[in-house]
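Let's walk through this one together, going from the salt bridges to the sheets and then to the cores. Keep the structure open and turn it as you read.

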Amino acid sequence: NYTAVDGLPQSQVQAVLEDKSGYLWIGTAGGGLARFDGREFKVYTTLDGLLTNEVVGLRFDSRDNLWILHPRGITRFDGLTFQKFKVPSDKLKEGQLRRIFQLGDTLFISSNLGITGRVRNDSLYYSEDSAFKEWGVEIAQAAPSGEICMFRKDGSLIVKSIDRTITIPIDKETGRVYSMFSMNRDLVLQSTEGLFKLDIKNQRI
């Protein structure tokens, strides 16, 4: 159990990720980013190049770049330098970025209002994906098989893979979904009626 006394920049941790060398990368709610080697913390803040000191998500890409998600933008760290990408004000007027997922060679970013971003070839693109256009995404989770699963406010479930996007209806027996998590090789939905396994291959719950 580590606190600010031990060198953690802020006690409220919002993201944790382990790299190939075994280092832990820790995103905090206002203290920036920390790397823990098992003994001490190395802290990175806006003074080092972060877009902001609030970190809500972390993800490595296929080139081992660390993508650091903030409520209104993203920072890339290649191990030496930081590059900042801020969301244009007209693309994210009220919402905040929440999740970052990897699908193939592309990173996807989702917000609570459904505006999505894509990171490909070290470039960031923002768009209004058709899967998000009318209803915002309430919950998003990467399946063990690699697909991105998103529960929308209208009660439907969107499953996005590299080559297609499908919609899986959720009936009354399943109830209202309020959480998704991976367990072994399955994606499990937690709803008001219990736990349900998502069968992506056969497009059913």
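**Salt bridges first**

The count comes to two salt bridges, where a salt bridge is a side-chain nitrogen of Lys or Arg within 4 Å of a carboxyl oxygen of Asp or Glu. Before we look at them, bear in mind that this is a predicted model, in which local features need pLDDT of at least 70 and side-chain atom pairs count only at pLDDT 80 or more, while totals for chains, interfaces and linings use all residues. Residues are numbered from 1 along each chain as its sequence is written, and side-chain values use heavy atoms, with hydrogens and water left out.

One salt bridge joins the side chains of D64 and K20, at 3.3 Å from N to O. D64 sits in the loop between β5 (57-60) and β6 (66-70) and K20 in the loop between β1 and β2, so the pair ties together parts that are 44 residues apart in sequence. Buried here means under 20% relative accessible area, exposed over 50%, and partly exposed in between (1.4 Å probe, protein chains only). D64 counts as partly exposed because its relative accessibility is 39%, and K20, at 74%, counts as exposed. The other salt bridge brings together the side chains of D199 and R204, at 3.6 Å from N to O. D199 is partly exposed, with a relative accessible area of 21%.

Now for the overall layout. The secondary structure comes to zero helices and 19 strands; helices (H or I, at least four residues) and strands (E, at least two) are DSSP runs, numbered from the N terminus. Two strands pair if DSSP finds at least two bridges between them.

K20's loop leads us into an open sheet of four strands, ordered β1-β2-β3-β4, with antiparallel pairing. At its edges lie β1 (13-18) and β4 (41-44), each of which pairs on one side only. Neighbouring strands are turned by 20° against each other on average, direction ignored; the axes behind such angles are lines fitted to C-alpha atoms, for helices over the stretch in contact, and angles run from 0 to 180 degrees between N-to-C directions. Five bridges join β1 to β2 (residues 24-28), and the two run antiparallel. V13 stands opposite T28 in β2. The two strands form a hairpin with five residues between them, and G22 in the turn has a positive phi of about 95°.

Further along the chain, β14 and β15 run antiparallel, joined by four bridges. M150 has I158 in β15 as its bridge partner. Four residues lie between the strands of this hairpin, and among them G155 takes a positive phi near 95°. β15 also pairs with β16 in the antiparallel sense, over four bridges, and a hairpin of four residues connects the two. K160 stands opposite T165 in β16.

β15 is a nice place to check side-chain directions. In a regular strand the side chains alternate between the two faces of the sheet. Here L157 and V159 point one way, I158 and K160 the other way, and all are buried.

Next comes a three-stranded open sheet in the order β17-β18-β19, also described by antiparallel pairing. β17 (177-183) and β19 (194-198) are its edge strands, each pairing on one side only. Its neighbouring strands are turned by 30° against each other on average, direction ignored. β17 and β18 (residues 186-191) run antiparallel and are joined by six bridges, with M183 opposite D186 in β18.

What holds the middle of this region? The largest nonpolar core has 15 residues, and those with the most contacts inside it are C149, F151, L157, V159, V177, M180 and L198. The core is a set of buried Ala, Val, Leu, Ile, Met, Phe, Trp, Tyr and Cys residues joined through side-chain atoms within 4.5 Å. At least two of its residues come from each of β14 (148-152), β15 (157-160), β16 (165-168), β17 and β18. Leaving aside neighbours within four places in sequence, L198 is in contact (heavy atoms within 4.5 Å) with C149, L157, V159, I168, L187, R204 and I205. A second, separate core has 13 residues, including L17, L58, F60 and L66.

To finish, some totals. Of the 205 residues, 44% count as buried. Residues 24 or more positions apart account for 37% of the contacts with a separation of 6 or more.
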